Amino acid sequence: MTAEGGGTIRSRIKNLLRSPSIKLRRRSGAARHKEALGDKVTLEKVLGITAPGNRALACDPRTGLLAYPAGCVVVLLNPRKNKQHHILNSSRKAITTLAFSPDGRYIVTGESGHMPAVRLWDASERLQVAELQQHKYGVACVAFSPNGKYIISVGYQHDMMVNVWNWKKNVVVAANKVSSKVTAVSFSDDSSYFVTAGNRHVKFWYLDHAKTSKVNATVPLLGRSGLLGELRNNFFSDVACGRGRQASSTFCITSSGLLCEFNDRRLLDKWVELRTSQATCLSVTDELIFCGCADGTVRAFSPINLHFLCTLPRPHCLGADIASMVDARY
């Protein structure tokens, strides 16, 4: 074979490999291989957690099921059986916040990245039910209204949006801008308003149910700032609206370690020291207020008068044999 003939054969092979039909076969073969691997590989267990704050850990009060993010995966943990189930975010964007619906049937998640979505998932089927894309940079916190009708989503500081989403109709019924860094949100017991908290920020947002149910377009969300007084320069790390007899009150904690109460006029009129270097989270029931503090400390207070009740025992050290322990301090 001459050098000229060899060159011709080589050029023909190159042209053949460059043809669209060959590329298509290559891609389809790779896709089939990927699908085959997808059928064989399943996520069995997740080690670790990527919760950026208290808004990324949720518990279904009816079943005790825990939900938390690990990258783009929502881990559903049954602590009694020590068994995991998983929800995989199809967008591959990291989950930043999540919350259970009041009946425990659904989980709402927010994510980070460009044009992030607020997604609604069926907790038992672990399938996406609905999706809202009204944020640009990231979702800081989400919450269900107690009546289960609305979902609140608050964006990152540069996103500057707070949305009220009627998820069953898939429409944003009310929205407004918020310029502060928001790290927490809580709904009132009667679903008539919700409160956001963050850096030098506590704001009450009121829902006009008559307008939101009748008007098809998004209406402006009415917001009124809390009257912070001498505590106006604090970082409010969590917020919880009162329950039962204290439904007209709103409770907040500051990162510096103060438990605060707002009255029905949005005035911060009471606060007590938690005696900790840092406070991170808050949970309120009809009879108790639990404050999560540094070093695993949890303190309980009365919601009626903010009187200190007790400090809960700390969790035991990892790997400790609790059966052999006799000292309650450990």
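A disulfide is counted where two cysteine sulfur atoms lie within 2.5 Å of each other, and the close-up views below, all taken from a predicted model, begin with that criterion.

**View 1. Cysteines C281, C291 and C293 in a structure that holds zero disulfides.** The sulfur of C281 has its closest cysteine sulfur in C293, at 7.9 Å, and because disulfide sulfurs must lie within 2.5 Å, this separation is too far for a bond. The sulfur of C291 likewise has its closest cysteine sulfur in C293, here at 6.0 Å, which is also too far for a bond. As for their surroundings, C281 is partly exposed, with a relative accessible area of 31%, whereas C291 counts as buried at 0% relative accessibility.

**View 2. The hairpin of strands β5 and β6.** Strand β5, residues 95-100, is mostly covered, six of its six residues being buried. Five bridges join β5 to strand β6, residues 106-111, and the two strands pair in the antiparallel sense. Within this pairing, F100 has I107 of β6 as its bridge partner. Five residues lie between the strands of the hairpin, and G104 takes a positive phi near 75°.

**View 3. An open sheet of five strands with mixed pairing.** The strands follow the order β9-β10-β11-β12-β16. The edges are held by β9 (139-144) and β16 (219-220), each of which has a single partner strand, so one side of each is left without a neighbour in the sheet. At the β9 edge, the partner is strand β10, residues 150-155, which pairs with β9 in the antiparallel sense over five bridges. In this pairing A143 stands opposite I152 in β10.

**View 4. Aromatic side chains, with the pair F187 and F194 and a cluster of four residues.** The count for the structure comes to seven aromatic pairs. In one of them, the rings of F187 and F194 have their centres 5.4 Å apart and their planes at 50°, so the pair is described as tilted. Both F187 and F194 are buried. The aromatic cluster shown beside this pair for reference is formed by Y193, F204, Y206 and F262.

**View 5. The salt bridge of R119 and E131 and the network that includes both residues.** Seven salt bridges are counted in the structure, and in one of them the side chains of R119 and E131 meet at 3.2 Å, N to O. This pair links distant parts of the chain, R119 lying in strand β7 (residues 118-122) and E131 in strand β8 (residues 127-132), twelve residues apart. R119 is buried, with a relative accessible area of 5%, whereas E131 is partly exposed, with a relative accessible area of 33%.

**View 6. Salt bridges formed by exposed residues, R245 with E287 and R265 with D264.** The side chains of R245 and E287 meet in a salt bridge at 3.9 Å, N to O. Distant parts of the chain are linked by this pair, since R245 belongs to the loop between β18 (236-241) and β19 (250-254) and E287 to the loop between β22 (279-284) and β23 (289-293), 42 residues apart. R245 and E287 are exposed. The side chains of R265 and D264 form a further salt bridge at 3.9 Å, N to O, and these two residues are exposed as well. Returning to the residues of the preceding view, salt bridges that share partners join E111, R119 and E131 into one network.

How values were computed
Residues are numbered from 1 along each chain as its sequence is written. This is a predicted model: local features need pLDDT of at least 70, side-chain atom pairs count only at pLDDT 80 or more; totals for chains, interfaces and linings use all residues. Side-chain values use heavy atoms; hydrogens and water are left out. Buried means under 20% relative accessible area, exposed over 50%, partly exposed in between (1.4 Å probe, protein chains only). Helices (H or I, at least four residues) and strands (E, at least two) are DSSP runs, numbered from the N terminus. Two strands pair if DSSP finds at least two bridges between them. Rings of Phe, Tyr and Trp (its six-membered ring) pair if their centres lie within 6.5 Å; planes under 30 degrees apart count as stacked, over 60 as edge-to-face and the rest as tilted. A salt bridge is a side-chain nitrogen of Lys or Arg within 4 Å of a carboxyl oxygen of Asp or Glu.
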